Amino acid sequence: MSWIQLELRDGVTAFRPGELVQGKAFWQLDPPPDSVELRLFWYTQGKGDRDVEIMQVIPFSRLNAQDSCSFQLRLPEGPYSFSGKLISLVWALELVAQPGDQARRVEITLSPTGEEILLHPRA
């Protein structure tokens, strides 16, 4: 059975611009992967076209069938996580193994307060 897992240090998912994100990637894959990488990206969701921008990629060099690797990356200054009536911007880290369809995503929040910016009041 193949699986991959992504864990952030202390389970923290709320960050401020420029902060360091630390965590660990785990996998057990059959057959062994050709590549495993961690992607930091943001995407929009809601009405209209979906935008996606990959901000950083960390390739892991050890490619054993079963392994774990620690990682750390510094977050950019923006754009900030927000939620509006028509569109939201969401940040995420995604661990991807190739070949195959193995991926694990963890959504994070990036803003000056560490909380998603709400562009409309919640009911």
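Here are a few exercises with worked solutions on the predicted model shown above.

**Exercise 1: the core**

Find the residues with the most contacts inside the largest nonpolar core, and work out which strand gives the most to this core.

*Solution.* Start with the core as a whole: it has 26 residues, and Phe60 and Leu93 are the ones with the most contacts inside it. Next, go through the strands. At least two core residues come from each of β1 (3-8), β3 (20-28), β4 (35-46), β5 (52-60), β6 (66-74), β8 (87-98) and β9 (103-110). The top contributor is β8, with five residues. Finally, zoom in on Leu93. Setting aside residues up to four places away in sequence, Leu93 touches a list of residues that includes Leu6, Leu8, Val21, Leu38, Phe41, Leu73, Val106 and Ile108. Arg39, Arg104 and Arg105 are also among the residues that Leu93 touches.

**Exercise 2: an aromatic pair**

Classify the ring pair formed by Trp27 and Phe60, and say whether each partner is buried or exposed.

*Solution.* You need two values here, since a pair of aromatic rings is described by the distance of the centres and the angle of the planes. The count of aromatic pairs comes to two. For Trp27 and Phe60, the centres are 6.0 Å apart and the planes make an angle of 40 degrees. Planes under 30 degrees apart would be stacked and over 60 edge-to-face, so this pair is tilted. Now place the partners: Trp27 sits in strand β3 and Phe60 in strand β5, so the pair links parts of the chain 33 residues apart. Last, check the accessibility, with buried meaning under 20%. Trp27 has 1% and is buried; Phe60, at 8%, is buried too.

**Exercise 3: backbone oddities**

Locate the cis peptide bonds that join Gly78 to Pro79 and Gln98 to Pro99, then look at phi of Asp10.

*Solution.* Keep the background in mind: most residues other than glycine have a negative phi, and most peptide bonds are trans. Take the bonds in turn. Gly78 and Pro79 are joined by a cis bond with omega of about 5 degrees, and Pro79 is in the loop between β6 and β7 (82-83). Gln98 and Pro99 are joined by another, with omega of about -5 degrees; Pro99 belongs to the loop between β8 and β9. Then there's Asp10, a residue other than glycine whose phi is positive, near 60 degrees. You'll find Asp10 in the loop between β1 and β2 (14-15), where its relative accessible area of 72% makes it exposed.

**Exercise 4: buried or exposed?**

Compare the surroundings of Gln66 and Gly114.

*Solution.* Begin with Gln66, in strand β6. Its relative accessible area is 56%, so Gln66 is exposed. Leaving out neighbours within four places in sequence, Gln66 contacts Trp27 and Gln28. The C-alpha atoms of Gln66 and Phe26 are 7.7 Å apart, although 40 residues separate the two along the chain.

Move on to Gly114, in the loop between β9 and β10 (117-118). This glycine is buried, with a relative accessible area of 9%. With the same neighbours left out, Gly114 contacts Ala14, Phe15, Arg16 and Thr109. Tyr80, 34 residues away in sequence, is 9.5 Å from Gly114, C-alpha to C-alpha.

**Exercise 5: a surface patch**

Name the residues that make the nonpolar surface patch of about 250 Å².

*Solution.* The patch is made by Val52, Ile54 and Val57. Val57 lies in strand β5 and is partly exposed, at 39% relative accessible area.

Terms used. Residues are numbered from 1 along each chain as its sequence is written. This is a predicted model: local features need pLDDT of at least 70, side-chain atom pairs count only at pLDDT 80 or more; totals for chains, interfaces and linings use all residues. Side-chain values use heavy atoms; hydrogens and water are left out. A nonpolar core is a set of buried Ala, Val, Leu, Ile, Met, Phe, Trp, Tyr and Cys residues joined through side-chain atoms within 4.5 Å. Buried means under 20% relative accessible area, exposed over 50%, partly exposed in between (1.4 Å probe, protein chains only). Helices (H or I, at least four residues) and strands (E, at least two) are DSSP runs, numbered from the N terminus. Contact means heavy atoms within 4.5 Å. Patches are made of residues with over 30% relative accessible area and no salt bridge: like charges are joined within 9 Å, nonpolar side chains (Val, Leu, Ile, Met, Phe, Trp, Tyr) within 5 Å. Accessible areas come from the Shrake-Rupley method with a 1.4 Å probe; for residues, only the protein chains shown count as cover. A salt bridge is a side-chain nitrogen of Lys or Arg within 4 Å of a carboxyl oxygen of Asp or Glu. Rings of Phe, Tyr and Trp (its six-membered ring) pair if their centres lie within 6.5 Å; planes under 30 degrees apart count as stacked, over 60 as edge-to-face and the rest as tilted.
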